[in-house]
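Student: I would like to take a close look at a single part of this protein chain and then see how that part sits within the whole. Please take it slowly and keep the reasoning in view.

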Amino acid sequence: MSQLGEELLHRIRDAHKRRSLSFWERIYLPAIAKGLWITNWHLWRNLFLHIVHRIGLYRDIPASVTIQYPDQLRITSPRLRTRHRLTRRQDGTPRCVACMLCETVCPARCIYITPAEHPDPNVEKFPKSFDINLGLCIYCGYCVEACPEDAIRMDTQRHDIAAYTRDGMWLDIRELIAPGTRAVTEPPSKFENMNLEDYRQIPPVLEPVLPGRTKPPQNKNA
Ligand code: SF4
Ligand code: SF4
């Protein structure tokens, strides 16, 4: 007999060895009561904790096992690819030299860059505009891999890409340079004609945080 056949035979024999249910197990009532007791215990416990959290008590005891998004962010792997950002030089201008490698390699064709000549002869170019249509992006990370300048990263730990309109899915240059500074309701300024001074005027935002530690910087208008 094959090994599979023997295994099946063992299972059939074991099935016969199962003990018979007791009277209380057959009527199910104790099991139903136990289930209701557990559900109610969690309901009233969580309700009580949610109420006392409002007045500042027992904040260290979580009220439920669910994550209180968006106040609390889920701990994610540092390797997770999240929303893009452009890295900056010390003077606030982008590290991007508008080589177009990321735009060329992007399989979704959702990166749009307009290059301009850089006044510094040591730097080839800079992007006048840099836009990403997240509605098309497949988060493959090829743009990050292709970049020779470490100018684009996907480490903002921001997963919230919902928007009210299709246009709202666009990451414009200002949002890429300073992630989280555009309000959800604010339309993107696509294909903007930035110069280096414009970049310097954009205040830096906090560096992306390690996942799950604290909330990334939020726009107060959002
Ligand atoms: S993650 Fe992939 S699809 Fe998205 S912009 Fe980069 S290369 Fe394009
Ligand atoms: S690959 Fe890097 S340097 Fe080249 S255009 Fe893209 S972000 Fe800029």
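Student: Does Leu 196 count as buried, exposed or partly exposed, and how many C-beta neighbours inside 10 Å does Leu 196 have?

Tutor: The model is a predicted one, and within it Leu 196 counts as partly exposed, because 18 C-beta neighbours lie inside 10 Å, whereas 20 or more would be needed for a buried residue. Leu 196 belongs to helix H7, which covers residues 196-201. Leaving aside residues up to four places away in sequence, Leu 196 touches Thr 93 and Phe 126. Phe 126 falls within the range of strand S3 (125-133), and this strand supplies at least two residues of the largest nonpolar core. Pro 148 gives another reference point, since the record of positions places Leu 196 and Pro 148 48 residues apart in sequence and 21 Å apart in space, C-alpha to C-alpha.

Two loop residues can be set beside Leu 196. Phe 191 lies in the loop between H6 and H7, and with 14 C-beta neighbours inside 10 Å it counts as partly exposed. Asp 150, in the loop between helix H5 (142-146) and strand S4 (152-153), has 10 C-beta neighbours inside 10 Å and therefore counts as exposed. The backbone of Phe 191 has a phi near 50°, a positive value in a residue other than glycine, and for Asp 150 phi is likewise near 50° and positive. As background, most residues other than glycine have a negative phi.The largest nonpolar core has 23 residues, of which Leu 86, Cys 96 and Ile 152 touch the most other members. Helix H4 (101-105), strand S2 (111-117), strand S3 (125-133), strand S5 (170-171) and helix H6 (173-177) each contribute at least two residues to this core. Leu 86, with residues up to four places away in sequence not counted, touches Pro 94, Cys 96, Phe 130, Ala 151, Ile 152, Leu 176 and Ile 177.

Cys 96 also appears around ligand 2, where 13 residues form the surroundings and Cys 96, Cys 99, Leu 101, Cys 102 and Cys 147 come nearest. By class, that shell holds twelve nonpolar, no polar and one charged residues. Ligand 1 is surrounded by 13 residues, the closest being Cys 106, Ala 108, Cys 137, Cys 140 and Cys 143, and its shell has twelve nonpolar, one polar and no charged residues.

Turning to the whole, the protein chain is divided into domain 1 (3-54) and domain 2 (85-201), and the centres of these two domains, taken over C-alpha atoms, are separated by 53 Å. Seven helices and five strands are present in the protein chain, and along the sequence they follow the pattern α-α-α-β-α-β-β-α-β-β-α-α. The radius of gyration is 28 Å, well over the 17 Å that the globule rule gives for 222 residues, so the protein chain is more spread out than a compact globule. Its C-alpha trace spans about 90 × 65 × 30 Å along the principal axes, and buried residues make up 19% of the 222 residues.

How values were computed
Residues numbered from 1 in each chain as written. Chains lettered and ligands numbered in written order. Predicted model: local features only at pLDDT ≥ 70, side-chain atom pairs only at ≥ 80, totals over all residues. Near = placed C-beta within 6 Å. Nonpolar A, V, L, I, M, F, W, Y, C, P; charged D, E, K, R; others polar. Core = buried A, V, L, I, M, F, W, Y, C linked by C-beta atoms within 7 Å. Buried ≥ 20, exposed ≤ 12 C-beta atoms within 10 Å, placed from the backbone. Helix = DSSP H or I, 4+ residues; strand = E, 2+ residues; numbered from the N terminus. Contact = placed C-beta atoms within 7 Å. Domains from an automatic or database assignment. Rg over C-alpha atoms; globule rule 2.2 N^0.38 Å.
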